[in-house]
Amino acid sequence: MLLRAGGRRLLAPGLRRVLGGGGLLADPVAVGGGRAYHERVVDHYENPRNVGSFENDDPSVGTGLVGAPACGDVMKLQIRVDESSGKIVDACFKTFGCGSAIASSSVATEWVKGKQMEEVLTIKNSEIAKHLSLPPVKLHCSMLAEDAIKAAVKNYEAKKAKLGQKGKVTAAEKAAEA
Amino acid sequence: MALSRRLLPVLLRRGGCLSAFPSAARALSTAAVPADAEEEEAVTIKGVRISGRPLYMDMQATTPVDPRVLDAMLPFYLSRYGNPHSRTHLYGWESDAAVEEARARVAALVGADSREIFFTSGATECNNIAVKGVMRFYRDRRRHVITTQTEHKCVLDSCRYLQQEGFEVTYLPVRPDGLVDVAQLADAIRPDTGLVSVMAVNNEIGVVQPLEEIGRICREKGVPFHTDAAQALGKIPIDVNQMGIGLMSLSAHKIYGPKGVGALYLRRRPRIRVEPQMSGGGQERGIRSGTVPTPLVVGFGAACEIAAKEMDYDYRRATTLQQRLLDGIRGQVDDIVINGSMEHRYPGNLNLSFAYVEGESLLMGLKEVAVSSGSACTSASLEPSYVLRALGVEEDMAHTSIRFGIGRFTTEEEVDRAIELTVHQVKKLRDMSPLYEMAKAGIDLKSIQWAQH
């Protein structure tokens, strides 16, 4: 009788404290040994921006493909550049990788839009990491995003150079396309 | 008993992981509480807010304690709390009697004698005693250990430790289906082999090794056969005599028992001797000193008793649910690989690789289902699971694996919901995946020169 009543009083508040609201579960950092995802990473994962693909052959598109499946991270970042102003008018990405990698590349596409190509080359992985509060173990994801931006720009420039060598014919083709 | 009956509804309501529905079957479910039922139960975790607790499908990591087991344990916490080694009063005697009864139940489940069961803190400790204890005891005559590449970390680490002490270890490779090549094992046995250690059911991929064959070979060659049966106990029939097992590691929290207790089986005929790893008062016949934790041990015994009765039913049910899960997922997404043999498998463990999708990102999307992954990102280092690598799974596929665990309390609704969520997330991630895009365009991914940084 005593135990029955006493037991419930003993256990219920304890359970409520341990399992219910406050305490361990409500504090994201405490769970998982401090490896909590920042809200922004989760947001980019849940609502990814700029997922998609541009035509690879399009001369105004630069494609950066970095990483390796063996490492668990592959990012494809594409930029569409306005020929005359050298400004990036659109960007999209596709990523095979963890949540942090997806978020890093998503952030990268957001940040390059509307900027000059020279400007985006100055985007540092540390800025991306700080924006997403990436833990040390995930810093390589932001590095890969930085590499992807650079690779996309490089690819665009290489394409432009190759097309430029072809001379007038190409200019006429481009005029016809426009 | 009355105490526990009154407490159980409190536990069910407050615990949140068990629903508050009246019917007994539903009450035992670990399905997430519906959102409208209790808003205060909403959980914010890792920056993510989910309505109620996730569906638990990670039975290989641990299992919920069966309420019947908890019933058996509680009196030993609250009223019969004596130390089983106290020889002078009722508390000690009744505690000791309970321990011995539990020991008999554990022994019965594996076809052993009570005197061959020694309680420890868990399968890790058992593996340590088995590997290090046996080799150190016979260190003058036996210098070689044989094990497999897919063993649990504690076995592999104990072997590495022995290597530092000067012993030699052979880590046998496994076939792509996860099974060890028995002929290769037989060849590897040397005159100075002191132990063969092969786990019964693999925790990651669920494959069942051919224990009878291995046991027969070891018996012929006079080498003790140790098996880590933590995932096998109570799930597949084990008979230590039929399988020629000399040492066996058992764990309670994999069969709906409490965490913190396990048992080591040590054969008496022929007697296997070990050097104790814990020094102390000589409890457990000198094999493992330390007070035997009566409530945990009683819980272990109760879990074994229940498992003995319900093993067949659980097995058939797990098989049905696994088939349902597999058909449900395969029916909606393609490019899926099952890791490990389908024929020699415990049905409660399904390890799938989803091509072109990374494991951690899939897990992040599956936050309403508690599953595990063999992906690098989820391990402390950035290396993919060594078990999957041992199977010969390519690194990019090893990054994509998800392990689904089905258990006694898994319901069909949970499986259906898991299918729904998994398919949704896989499709979403494949849309985001450059590899899927390239594969669909017909590009052979193996031919690409990746720019590694």
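Two strands are said to pair if DSSP finds at least two bridges between them. In this predicted model, strand β4 of chain B (residues 117-120) meets that description with strand β10 of chain B (residues 262-266): the two are antiparallel and share 4 bridges. Within this pairing, B:Thr120 sits across from B:Gly262 of β10(B). Strand β4 of chain B is covered on both of its faces. B:Ile117 and B:Phe119 are buried on one side, and B:Phe118 and B:Thr120 are buried on the other. B:Thr120 therefore counts as under 20% in relative accessible area.

The two chains can now be described in outline. Chain A contains 7 helices and 3 strands. Their order along the sequence is α-α-β-β-β-α-α-α-α-α. Chain A has 178 residues, of which 42% are counted as buried. When contacts in chain A between residues at least 6 apart in sequence are considered, 60% of them connect residues at least 24 apart. Chain B contains 15 helices and 15 strands. It has 453 residues, and 58% of these count as buried. For chain B, 71% of the contacts between residues at least 6 apart in sequence connect residues at least 24 apart.

A further set of strands in chain B forms an open sheet of 4 strands, in the order β11-β12-β15-β14, with antiparallel pairing. At its edges are β11 (336-338) and β14 (372-373) of chain B, each of which pairs on one side only. The partner of β14(B) is strand β15 of chain B (residues 401-405), which runs antiparallel to it and is joined to it by 2 bridges. B:Ser372 has B:Arg403 in β15(B) as its bridge partner.

Beside one edge strand in the sequence is B:Asp335, in the loop between α10 and β11 of chain B. Its phi is near 55 degrees, a positive value in a residue other than glycine. Is B:Asp335 buried, exposed or partly exposed? Its relative accessibility is 33%, so B:Asp335 counts as partly exposed. Chain A offers another case of positive phi: A:Asn50, with a value near 60 degrees, is also a residue other than glycine. A:Asn50 is located in the loop between α2 (39-46) and β1 (61-68) of chain A. Most residues other than glycine have a negative phi, and most peptide bonds are trans. An example of a cis peptide bond is the one from B:Arg269 to B:Pro270, with omega near -5 degrees. B:Pro270 belongs to the loop between β10 and α10 (294-330) of chain B.

Strand β12 (349-354) of chain B leads to another loop, the one between it and α11 (359-365), and B:Glu358 lies there. B:Glu358 is buried but has no salt bridge. Why does B:Glu358 have no salt bridge? A salt bridge needs a side-chain nitrogen of Lys or Arg within 4 Å of a carboxyl oxygen of Asp or Glu, and because the nearest side chain of opposite charge, A:Lys138, is 6.6 Å away, B:Glu358 has none. The side chain of B:Glu358 does have backbone nitrogens as neighbours. A polar atom of this side chain lies 3.2 Å from the backbone nitrogen of A:Cys98. Within chain B, the side chain of B:Glu358 reaches the backbone nitrogen of B:Glu360 at 3.0 Å.

Another buried residue with polar contacts is B:His144, in strand β5 (residues 144-148) of chain B. B:His144 counts as buried because its relative accessibility is 1%. Which side chains make polar contacts with the side chain of B:His144? One is that of B:Thr170, at 2.6 Å, and another is that of B:Thr193, at 2.8 Å. Leaving aside residues up to four places away in sequence, B:His144 touches several others, including B:Met135, B:Glu168, B:Ala188, B:Arg190 and B:Leu195. The C-alpha atoms of B:His144 and B:Pro191 are 8.8 Å apart, although 47 residues separate the two along the chain.

The last element to look at is helix α14 of chain B, which covers residues 412-431. This helix has 20 residues and reaches 29 Å from its first C-alpha to its last, close to the 28 Å expected at 1.5 Å a residue. Its buried residues include B:Val415, B:Ala418, B:Ile419, B:Leu421 and B:Leu429. Charged residues are also found among the buried ones in α14(B), including B:Glu414, B:Lys428 and B:Arg430.

Definitions and conventions
Residues numbered from 1 in each chain as written. Chains lettered and ligands numbered in written order. Predicted model: local features only at pLDDT ≥ 70, side-chain atom pairs only at ≥ 80, totals over all residues. Heavy atoms only, no water. Buried < 20%, exposed > 50% of the residue type's maximum accessible area, 1.4 Å probe, protein only. Polar contact = N/O pair within 3.5 Å; in protein donor to acceptor, adjacent residues only side chain to side chain. Expected span 1.5 Å × (residues − 1). Contact = heavy atoms within 4.5 Å.
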